[in-house]
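This report concerns charged side-chain pairs and one helix. The sequence and the structure are shown below.

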Amino acid sequence: MKQLTLDIRADAPPTLDNFVAGGNAELVASLSLLATDRRALPAPHLYLWGESGNGRSHLLQATTAQAEAGGRPAHYLNAASIQDTLPETEAALLAIDDADQLSPAAQIAVFNAFNRARLNGQSLLLAGPVAPLGLSLREDLRTRIGQCLIYEVQALDDDSRAAILATLAERRGLRLADEVRDFLLRHGRRDLPSLLAAFDALDAASLEQKRPITLPLLREMMQRGLAI
């Protein structure tokens, strides 16, 4: 058997439409308003938190893209890249990912951005792994974040994950055996990006070997190094 190349295709650009909402419908609706009509929200800033792999970065990048598509200036920034200043673009959306990783100088910059936001019409969108109270940040900044509109990103349940895999298989004209789906959900990593990466690898192997996607195929791939 020839060596299998597991060529995982790049994900589509993050959008709010291609985020699988599950129990996050209200969060997605609020992000859409934040991007386009922030005055419709009860607070001008938003903080979302949740475990790694639940889509925090997707949501920040998608909200930034929607703001830009609607003509609003927007900046997506990873906390580790922020130094002692932030963009002061009038009426901009500032999306700051991994807020728990802000350096001391960056924390001051974000605190100052909160303070001038009312005057320059900016909105801040931040994300982190824990609720504001659990962030290891200076107290005045934690207080500002705690005054944001706050959402926990809810993880998908197994029924939602199974439905996503089935829909993806149908769109690609594939038959995904129930035993393969159940094996992935039972033994694989449960975050959606990992599930989709495993599915893409199975799809590539199925095409390469002209075989259906079955449990024996998945087990062969795992023996040859596929991590699920």
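In this predicted model, Glu220 and Arg211 form a salt bridge in which the closest N and O atoms are 2.9 Å apart. Glu220 is partly exposed, at 24% relative accessibility, and Arg211 is also partly exposed, with a relative accessible area of 23%. Elsewhere, salt bridges with shared partners link Arg172, Asp200 and Asp203 into one network.

**Salt bridges**

The structure contains 9 salt bridges. Side chains of opposite charge can pair when their charged atoms come close. Among the 9 salt bridges are the three tabulated here.

| Acidic residue | Basic residue | N to O distance |
|---|---|---|
| Asp158 | Arg161 | 3.1 Å |
| Asp200 | Arg172 | 2.7 Å |
| Glu220 | Arg211 | 2.9 Å |

Within the network, Asp200 pairs with Arg172, their closest N and O atoms lying 2.7 Å apart. Asp200 belongs to helix H7 (residues 192–209), whereas Arg172 lies in the loop between H5 and helix H6 (178–187); the pair therefore ties together parts that are 28 residues apart in sequence. Asp200 is buried, at a relative accessible area of 7%, while Arg172 is partly exposed, at 30%.

The salt bridge between Asp158 and Arg161, at 3.1 Å from N to O, lies inside one helix. Both residues are in helix H5 (residues 158–171), and because they are 3 residues apart, about one helical turn separates them. Asp158 is partly exposed, with a relative accessibility of 32%. Arg161, by contrast, has a relative accessibility of 8% and counts as buried, since the cut-off for a buried residue is under 20% relative accessible area.

**Helix H3**

How far apart are the end C-alpha atoms of helix H3? The separation is 24 Å, in agreement with the 24 Å that the 17 residues of H3 (residues 104–120) should span at 1.5 Å a residue. H3 nevertheless has a bend of about 35° at Phe114.

Phe114 is also one of the buried residues of H3, together with Ala106, Gln107, Ala109, Val110, Phe111, Ala113, Ala117 and Asn120. Which elements are included in what covers these buried residues? They include strand S3 (93–97), strand S4 (123–128) and helix H4 (139–146). Just after H3, Gly121 adopts a positive phi of about 75°.

Terms used:
Residues numbered from 1 in each chain as written. Predicted model: local features only at pLDDT ≥ 70, side-chain atom pairs only at ≥ 80, totals over all residues. Heavy atoms only, no water. Salt bridge = Lys/Arg side-chain N within 4 Å of Asp/Glu carboxyl O. Helix = DSSP H or I, 4+ residues; strand = E, 2+ residues; numbered from the N terminus. Buried < 20%, exposed > 50% of the residue type's maximum accessible area, 1.4 Å probe, protein only. Expected span 1.5 Å × (residues − 1). Bend = angle between axes of the 7 residues up to and from the residue. Contact = heavy atoms within 4.5 Å.
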